[in-house]
Amino acid sequence: MAGSHHISRRDFIKITTAAVGTAIGAAIGLPTIAYLIDPALKAGTTDAWIPLGKLVDFEVGKPTLATFTRSKVNGWEKSVNSYGVFVLRTSDTEALALSNKCTHLGCHVNWDTDKQEYICPCHDAQFGINGDVLGGPPPRPLDRFSGDQVKVEDGTLLIHFLEG
């Protein structure tokens with residue numbers, strides 16, 4: 001039998017063992033890898049409507065600080081961050097909310113009742129009651145929530161908060 005190809009029993013067992021081992025390794029390994037890297041691939045931004053309190057509790061024309069916390073899961077790490085906004089009720093039915101973070105370097109601004117402006121203690125930035133820059137190094141006004149980012153439902157003021 002010229003040209004016939006025979007494989008020894010030993011070589012057949014080696015090839016079969018390698019093929020079965022590879023299949024088992026892939027069946028166990030691929031799902032394990034997917035499980036391990038899945039949290040790192042999930043989207044990092046979240047958004048939500050955050051309740052700040054009853055609208056009637058905010059005095060018209062007087063900025064009032066409202067704070068809230070948000071939990072965030074990043075991979076396997078869970079963190080809780082605190083945020084603050086100044087609520088300025090502009091009428092009986094409307095309000096705007098301004099971030100309490102200075103747009104220069106992110107320090108927390110405070111409302112100065114005597115000067116009628118927000119003051120950043122880090123670099124002496126000043127912002128008007130609506131968040132406009134009055135002086136100092138900030139490149140832009142305070143971040144604001146207004147228009148479709150603010151709503152009142154059942155008397156409760158909510159802001160649409162996007163966390164990145």
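Which residues lie nearest the centre of the largest pocket? The legends below start there and then move on to the strands and cores of this predicted model.

**View 1. The largest pocket and its lining.** Ser99, Lys101, Asp143, Phe145 and Phe161 lie nearest the centre of this pocket, and they belong to a lining of 17 residues. Two or more lining residues come from each of β3 (77-89), β9 (144-145) and β11 (156-163). Of the contributing elements, β3 gives the most, with 4 residues. Sorted by class, the lining holds 7 nonpolar, 6 polar and 4 charged residues. The pocket has a volume of about 280 Å³.

**View 2. An open sheet of 4 strands.** Follow the strands across in the order β2-β3-β4-β9, with antiparallel pairing. The edges are taken by β2 (64-74) and β9, each of which has a single partner strand, so one side of each is left without a neighbour in the sheet. Further in, β3 and β4 (residues 95-99) are antiparallel and share 5 bridges. These two strands make a hairpin with 5 residues between them. Two bridge pairs are handy landmarks here: Leu88 with Leu96 of β4, and Val85 with Ser99 of β4. On to the edge strand: β4 pairs with β9 in the antiparallel sense over 2 bridges, and Leu98 stands opposite Arg144 of β9.

**View 3. Strand β4, buried on both faces.** In a regular strand, side chains alternate between the two faces of the sheet. Here Ala95, Ala97 and Ser99 point one way from β4, while Leu96 and Leu98 point the other way, and all are buried. With 5 of its 5 residues buried, β4 is largely enclosed by the rest of the structure. Ser99 may look familiar from the first view, as one of the residues nearest the centre of the largest pocket.

**View 4. The largest nonpolar core and a second one.** The largest core has 17 residues, and Leu52, Phe68, Val85, Val87, Leu157 and Ile159 touch the most other members. Two or more residues come from each of β1 (46-54), β2, β3, β4 and β11. A second, separate core of 13 residues includes Leu98, Cys102, Cys107 and Ala125. Back in the largest core, Val87 is a good residue to zoom in on: leaving aside residues up to four places away in sequence, Val87 touches Leu52, Phe58, Lys62, Pro63, Thr64, Ala66, Ala95, Leu96, Ala97 and Leu157.

**View 5. Strand β6 and its two hairpins.** Strand β6 (residues 117-120) is covered on both faces, with Glu117 and Ile119 buried on one side and Tyr118 and Cys120 buried on the other. Strand β5 (residues 110-112) runs antiparallel to β6, and 3 bridges join them; here Trp111 has Tyr118 as its bridge partner in β6. The hairpin of β5 and β6 has 4 residues between the strands, and Gln116 in the turn shows a positive phi of about 55°. Then comes β7 (residues 125-127), which pairs with β6 in the antiparallel sense over 3 bridges. In this pairing, Ile119 stands opposite Gln126 of β7. The hairpin of β6 and β7 has 4 residues between its strands, and Asp124 takes a positive phi near 55°.

Note on methods
Residues numbered from 1 in each chain as written. Predicted model: local features only at pLDDT ≥ 70, side-chain atom pairs only at ≥ 80, totals over all residues. Heavy atoms only, no water. Buried < 20%, exposed > 50% of the residue type's maximum accessible area, 1.4 Å probe, protein only. Pairing = 2+ DSSP bridges. 1 Å grid on protein atoms, 1.4 Å probe; cavity = no way out; pocket = protein on both sides within 12 Å on 5 of 7 lines; lining within 4 Å. Points joined across faces, edges and corners; volume = space filled by probe spheres on them. Nonpolar A, V, L, I, M, F, W, Y, C, P; charged D, E, K, R; others polar. Core = buried A, V, L, I, M, F, W, Y, C linked by side-chain atoms within 4.5 Å. Contact = heavy atoms within 4.5 Å.
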